[in-house]
Amino acid sequence: MIEYTIEALVGAGVEEIMIVTGGTHAGEFLRLLGNGQEYGCDRLLYAYQEKPGGIAEALGLAEHFVERGHCVVMLADNVFEESLRPVVERFRGQEYGARIVLAREDDREHLRHLGVPELDGESRISRILEKPDEPPSEYAVTGVYFYDGAVWDVLPTLQPSGRGELEITDVNNWYVERGAMEYDVLDGFWGDAGESIDAYYAVNDFVRRSGANRS
């Protein structure tokens, strides 16, 4: 999965990458990926998250790497059929704010286990709900997030959620509340292999059959 993620980022023009990991097997990433040059990285660094503190906490570990500038966050268990390059290029041309990638999901029961955006009449995101009982749209928020430099001032203001983590949805809703959130709907397959064992096998089967990160 981590190789597909790096392939997706490098193929989209993002060649400076920091991998944030934790647990007892963090060294396996270094042994597998090395300095990243074999995968097309100009720079590949690593950070260690000491405990499960949430995606937003993990992002905070990359602050000095990014030098408080613009960044893209990609969860390494997300696999896409299509290239992310068009989204990256649109974010590069975005003056300020954040951007997320949505995927259409027709199974409302599945949406109840995902982050789901509520869209207003002008097709803007009015809020993002995590695991809603009544999904407000037919789109899922995938694990790719783009942020401008304001994110580094947002992260220290976050409060842990009920599960004791700093939630990336709180970061995204901060941008939504200020009218600074854009989005793209990516065509083709999207799978979150970390969602469940069934999702893992579904992603595995698709990639074996059709490949990933098509340009």
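Against which strands do the buried residues of α5 pack? In this predicted model, the buried residues of helix α5 pack against β3 (71-74), β5 (98-104), β8 (139-147) and β9 (181-185). Helix α5 spans residues 85-92, and its buried residues are V87, V88 and F91. These residues lie on the same side of α5, because the arc they cover around the axis is only 100 degrees.

The chain as a whole contains nine helices and 10 strands. Its radius of gyration is 17 Å, close to the 17 Å given by the globule rule for 215 residues, so the chain is as compact as a globular protein of that length. Along the principal axes, the C-alpha atoms fill a box of roughly 45 × 40 × 35 Å. Of the 215 residues, 46% are buried. When contacts between residues at least 6 apart in sequence are considered, 72% of them join residues at least 24 apart.

The surface exposed by the chain amounts to about 11,500 Å², of which 47% is supplied by carbon and sulfur atoms. The chain carries 19 positive and 40 negative charges, and the mean positions of the two sets are 1 Å apart.

Helix α1 covers residues 2-11, and its buried residues are I2, T5, I6, A8, L9 and V10. The cover over these buried residues includes the strands β1 (16-22), β3 and β4 (78-80), together with the helices α2 (26-33) and α5. Strand β3 also packs against the buried residues of α5. After α1 comes G13, which has a positive phi, near 95 degrees.

Positive phi values also occur in the loop between α4 (63-66) and β3, where E67 is placed. Most residues other than glycine have a negative phi. E67 is not a glycine, yet its phi is positive, at about 60 degrees. The residue is exposed, with a relative accessible area of 67%. R68 lies in the loop between α4 and β3 as well. Its phi, near 60 degrees, is likewise a positive value in a residue other than glycine. With a relative accessible area of 39%, R68 is partly exposed.

Methods
Residues numbered from 1 in each chain as written. Predicted model: local features only at pLDDT ≥ 70, side-chain atom pairs only at ≥ 80, totals over all residues. Heavy atoms only, no water. Buried < 20%, exposed > 50% of the residue type's maximum accessible area, 1.4 Å probe, protein only. Helix = DSSP H or I, 4+ residues; strand = E, 2+ residues; numbered from the N terminus. Arc of directions from axis to C-beta. Contact = heavy atoms within 4.5 Å. Rg over C-alpha atoms; globule rule 2.2 N^0.38 Å. Areas by Shrake-Rupley, 256 points an atom, 1.4 Å probe, with all protein chains shown as cover. Lys, Arg positive; Asp, Glu negative; His and termini not counted. Charge placed at Lys NZ, Arg CZ, Asp CG, Glu CD.
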